[in-house]
Amino acid sequence: MNDRIEKRIELKVPISRVWRAVTDYREFGEWFRVKLEGPFVPGQVSRGQITYPGYEHVKWEAVVQKMEPERLFSFTWPHPKSLDKADYAKGDQATLPTTLVEFSFEKTATGTLLVITESGFDNIGDFRLEAFRRNEGGWTEQIKNIERYVAKAA
Amino acid sequence: MLQKQRSSLAARGKTHAPVFAALGDETRIALVARLSGGQPCSISQLTKGSKLTRQAITKHLRVLEGVGIVHSVHAGRESLFKFDPTPIAEMREYLDFVSEQWDHALARLQSFIQE
């Protein structure tokens, strides 16, 4: 199964503008909706707090990987154990599986092509599924219900 | 962002439609109930006590296999059918969820950058 997500977006502004919007921590924070403590530095942990209404308790933690001006920006980030508020809040790289997020920049005739890929989901597969079963009910729970129903009907 | 995706997850019935469609049949529900105990069963074992033929049971098992609810494993000459609690549908759904988050984030980036 496909282990990556890819998004492409054409922006009608120069590459320098897109690079700044993505890699300047304040600008990134504006559209991503996170209040970051400081600039992105390769090899360093970026910390912050999500500012999206209702999710202000959620921590942001990523490790910046590469910053090649106007070419590539990447970081790894953890995926929460579940979509529960409590689990989202403790997103730390040490204990959670991570994926790699890459932003690549390309000059086009009309502006900039920004390609975002997120990969490494196979690392989080089983872990994630467990979380879904546990927290979201999922269809395993439905099967159990069906099983109970069938047992009762028999 | 997150809120929106939560509600999309709440609508999980949609993404699980094939799984539930596969379960929309009494015989298949009974087969799943039998297999969900964890013990792999052969077609003969599953046919025993059923009014259905071996061929009919096999057909139902293939439907369940098609949506990842059961897997067949070979044991000698026989195929054993095993309940699979980790259907790809679950993972697919998570990827869709993350993918949708990116769509929203990029839409915000676009309006931020082009305003």
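The paragraphs below walk through a predicted model of two chains, A and B, from the nonpolar cores to the helices and the strands.

A good place to start is the interior. The largest nonpolar core holds 42 residues, and the members that touch the most others are A:F28, A:W60, A:F103, A:L114 and B:W102. Helix α7 of chain B, residues 88-114, supplies the largest share of this core, with ten residues. Setting aside residues up to four places away in sequence, B:W102 touches eight listed partners from chain A, which are A:I5, A:K7, A:F32, A:W77, A:V101, A:F103, A:I116 and A:E118. Apart from this core lies another, made of 13 residues, including B:I57, B:L64, B:I69 and B:F83.

In chain A, helix α1 spans residues 15-23 and is mostly covered, with seven of its nine residues buried. The buried residues are A:I15, A:R17, A:V18, A:W19, A:A21, A:V22 and A:T23.

A:R33 offers a contrasting view. This residue sits in the loop of chain A that links α2 (25-32) to β2 (34-36). Is A:R33 buried, partly exposed or exposed? Its relative accessible area is 30%, so A:R33 counts as partly exposed, since that class lies between the 20% limit for buried and the 50% limit for exposed. A:R33 and A:Q49 are 16 residues apart along the chain, yet their C-alpha atoms are separated by 8.7 Å. Beyond its neighbours within four places in sequence, A:R33 makes contact with A:F28, A:I50, A:T51 and A:Y52, and also with B:R108 of chain B.

The strands of chain A come next. Strand β3 (residues 45-50) runs antiparallel to strand β4 (residues 59-68), and five bridges join them. Five bridges also join β4(A) to strand β5 (residues 72-78), again in an antiparallel arrangement. A:V63 is a helpful residue to follow here: A:V63 in β4(A) is the bridge partner of A:V45, and A:V63 also stands opposite A:T76 in β5(A). Three residues lie between the strands in the hairpin of β4(A) and β5(A), where A:E70 takes a positive phi near 60°.

Chain B has an open sheet of its own, with three strands in the order β1-β3-β2 and antiparallel pairing. Its edge strands are β1 (41-42) and β2 (70-75), each of which pairs on one side only. Two bridges connect β1(B) with the antiparallel strand β3 (residues 78-83), and B:S42 stands opposite B:L80 in β3(B). Helix α6(B) packs on this sheet, touching β2 and β3 of chain B, and its direction makes about 115° with that of β2(B).

Helix α6(B) has a helical partner as well. Two packed helices are described by the angle between their axes and the distance between the axes. For α4 (residues 26-35) and α6 (residues 54-66) of chain B, the axes come within 10 Å and cross at roughly 75°. How are α4(B) and α6(B) oriented to each other? The two helices are therefore roughly perpendicular, because angles of 65 to 115 degrees fall in that class. On the α4(B) side, B:T27, B:R28, B:L31, B:V32 and B:L35 take part, and they meet B:I57, B:H60, B:L61, B:V63 and B:L64 of α6(B). The residues of this contact divide into seven nonpolar, two polar and one charged. B:I57 and B:L64, listed in this contact, are also among the members of the core of 13 residues.

Methods
Residues numbered from 1 in each chain as written. Chains lettered and ligands numbered in written order. Predicted model: local features only at pLDDT ≥ 70, side-chain atom pairs only at ≥ 80, totals over all residues. Heavy atoms only, no water. Core = buried A, V, L, I, M, F, W, Y, C linked by side-chain atoms within 4.5 Å. Buried < 20%, exposed > 50% of the residue type's maximum accessible area, 1.4 Å probe, protein only. Helix = DSSP H or I, 4+ residues; strand = E, 2+ residues; numbered from the N terminus. Contact = heavy atoms within 4.5 Å. Axes fitted to C-alpha atoms, helices over the stretch in contact; angles between N-to-C directions. Parallel < 35°, antiparallel > 145°, perpendicular 65-115°, else oblique. Nonpolar A, V, L, I, M, F, W, Y, C, P; charged D, E, K, R; others polar. Pairing = 2+ DSSP bridges.
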